[in-house]
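Me: Please take a close look at the pockets of this protein, above all at what lines them.

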Amino acid sequence: SAFSHILGYTGLGSRMTLEGKSGIERVYDERIRGKEGVSITYEDARGGVISERLKTPPEPSEPLSLTIDADFQRYFYRRLKDGLASLNRTSGVGIAFDPRNGEILSLVSLPSYDSNIFTDRGRSVVRAALLADSREPLFNRAVSGAYSPGSTIKPLVALAALAEKVVVRDSKIFSDGALEVPNRFNPESPSIFLDWRAHGW
């Protein structure tokens with residue numbers, strides 16, 4: 001479950017072959033698929049196998065390396081899950097990356113699921129329950145969720161304003177508790193974004 005949203009799962013495709021349906025399995029499906037082999041089976045009139053001959057051997061795909069640290073992923077998954085449980089919550093997201101190069105070291109989306117249920121035909125009841133789950137465990141909140149960045153975005157905005165020379169180091173900005181953005185199509189109706197309080201200078 002710690003890796004389900006990253007790796008994804010496979011299912012039957014249009015040509016009755018397995019294909020990636022989500023995660024890495026879907027994104028890199030063509031690259032990691034490899035090539036199917038061809039074998040010839042000789043049967044008698046009753047369907048009994050007389051002999052089997054491999055005509056073309058299957059070819060493995062090229063290796064695909066991820067930057068995910070498996071041990072860290074398991075640890076992060078457990079800690080986030082335990083932390084959410086202590087708050088009586090089940091949904092959350094955690095992403096850890098290397099700030100030197102942007103490599104993703106861990107990516108956790110909760111609730112999660114066991115991706116093996118998609119390869120076992122005998123687990124259709126479990127799959128149906130997963131699809132009907134109101135917590136939406138198949139939804140990858142880390143890559144598909146839309147969230148307000150909160151105050152953690154402020155230093156980035158400040159750096160961008162300095163870099164673009166919109167402000168200088170000693171600029172002062174007054175906060176009256178709201179940000180008003182003009183509406184050029186309807187000047188009488190600007191967009192107003194409220195802060196949790198007026199901060200002053």
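Reply: What follows describes the largest pocket and then the second largest pocket.

This is a predicted model, in which local features need pLDDT of at least 70 and side-chain atom pairs count only at pLDDT 80 or more, while totals for chains, interfaces and linings use all residues. Residues are numbered from 1 along each chain as its sequence is written, and side-chain values use heavy atoms, with hydrogens and water left out.

The largest pocket holds about 840 Å³ of space. A pocket here is an open set of points on a 1 Å grid over the protein atoms alone, where a 1.4 Å probe fits, with protein on both sides within 12 Å along at least five of seven lines; lining residues have an atom within 4 Å of a point. Points are joined across faces, edges and corners, and the volume is the space filled by probe spheres set on them.

Its lining numbers 28 residues, with Lys154, Val157, Ile173, Leu179 and Asp195 nearest the centre. Helix 7 (154-163), strand 7 (178-181) and strand 8 (191-194) each supply at least two lining residues, and helix 7 gives the most, five. Helices (H or I, at least four residues) and strands (E, at least two) are DSSP runs, numbered from the N terminus. By class, this lining has 16 nonpolar, seven polar and five charged residues. Ala, Val, Leu, Ile, Met, Phe, Trp, Tyr, Cys and Pro count as nonpolar, Asp, Glu, Lys and Arg as charged, and the others, Gly among them, as polar.

The second largest pocket holds about 400 Å³. Of its 18 lining residues, His5, Ile6, Gly23, Ile24 and Asn140 lie nearest the centre. Helix 1 (4-7), helix 2 (23-27) and strand 6 (104-110) each give two or more residues to this lining, the largest share, four, coming from helix 2.
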